[in-house]
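Grab a pencil and let's work through a few exercises on one protein. Have a look at the model first, then try each task before reading its solution.

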Amino acid sequence: MSELSAIETAAAIAGGSMTALEACDAAIARIEQRDGPINAVVVRDFDRAREAAKAADGEVAAGVSKPLLGVPMTIKESIDIAGLPTSWGFAEHADHIATADSVVVSRLKAAGAVFLGKTNIPVALADWQSSNPNYGRTNNPHDLTRSAGGSSGGAAAALAAGMVPLEYGSDIGGSIRVPAHFCGVWGLKTTFDAVSLEGHYLPRTDGARGELGVVGPMARNPQDLALALDLTSRIALPIARIDTLNGLRILLLTHHPRAAADSAVVAAVEKAAESCAAQGAQVSTSNADLPDLSKLVSDYTRMLLIVLAQGKAPEGTEPVSLNAWYGMLDDQARTIRGFDRLFDSFDAIFCPVLGTSAFPHSDEADWGKRTLTIDGADTPFGSQLAWISMATYCGMPALSMPVGTDANGLPIGLQIITRNWSDHDAVRIGALVADALAA
């Protein structure tokens, strides 16, 4: 899209070539003009946004400098903004209004961001398509008959359609990475606990932080992504140590023992790796230190289902014992140590985000009954968690960035996984890959 990035918008406002109110009104106009068939921005807070923009203009006039001063943005519906609904798509929580801003929103507001509203999600944030009884279905801007992804599907769609330059989502099962991949934008699953989850609770709860889940930024370019990360992280994350593709050590994984990948997806990921190799990167396709990926998927899925159910046992089964849970944590710790050893030999893992591009909408709620068509064959829908599992199970940062399109013109993303706490390396490598592909 031709719209300004978040950094460019902030610079234009600071430099006087536009006001914050003009930027706000322009973003509102884009939402009103474009969002009808997409249905991404489902909670609109335009009046308060205009007041916030006017206040930002007052700060500019007073000589105040902030990195996002006056920049309009939206945020995923599951993340609290005081005075706006946080329902997570549950009909019974449609009337739940947050009374305080989440930590992420507070930090972005402190940096000057102006929030226009909130974007769509699936019920319980538990799907790769964004549809719920409160707000309806979000459609992919590239093909309205297809999913925009989930659970941050509205966020990715709003970015892809050029409505806003910056978003923030959450990810426990690919909920940032899959929408970014489906819509052709940038999204970062952050290192576990790098960004506070406070204010991202199931409605009407405020319990302990759950395992596996994170919140992270989404944008249309890596520079905005890196800025939003710095503004919201709990600690100052290490700066990127990668300056060039020359000598970069890449482990390329395009085949998985538990999940298929479409030939178009594989080709796009391999092309990205080849573009790096052309600039001096070292690309390998195997390593003895790589943990058992098949076991990892099973261990991750088991833990994920327990976390999503908040420890409740499915009907007719016994709850997981404390001893069993600690055993699962031990398995997870051993796998994390395995990846730590792997990253002594590599700087990044390149792999698909998902084995297919955006799929047609489905009304089938049961993942066990859904299938995906990959290279003309039906494959189990849930098996695609395999591509997501590595980074989530081990808490590692994982970037989704656009690297191509399939035969239908649908975006294809590359997943770049790096060592824990090296979030900025993942983003910097992504920026270098984008430059290499454009060369």
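**Exercise 1.** Find the bridge partner of G404 in β17.

*Solution.* Start at G404: its partner in β17 is I412. Now zoom out to the two strands: β16 (residues 398–405) and β17 (residues 411–417) run antiparallel, joined by seven bridges. Strands here are DSSP runs of E with at least two residues, helices are runs of H or I with at least four, and both are numbered from the N terminus. Two strands pair if DSSP finds at least two bridges between them.

A word on the model: it is predicted, local features need pLDDT of at least 70, side-chain atom pairs count only at 80 or more, and totals for chains, interfaces and linings use all residues. Numbering starts from 1 along each chain as its sequence is written, and side-chain values use heavy atoms, leaving out hydrogens and water.

**Exercise 2.** Place these strands in their sheet and name its edges.

*Solution.* First, write the order: β8-β10-β9-β16-β17-β13-β11-β12, an open sheet of eight strands with mixed pairing. Next, check the ends: β8 (166–171) and β12 (282–284) each pair on one side only, making them the edge strands.

**Exercise 3.** How does the radius of gyration fit a compact globule?

*Solution.* Take the rule first: 2.2 Å times the number of residues to the power 0.38, with the radius taken over C-alpha atoms. For 439 residues that lands near 22 Å, and the protein's 21 Å agrees. Finally, 56% of the residues count as buried, meaning under 20% relative accessible area with a 1.4 Å probe, protein chains only.

Notes:
Buried < 20%, exposed > 50% of the residue type's maximum accessible area, 1.4 Å probe, protein only.
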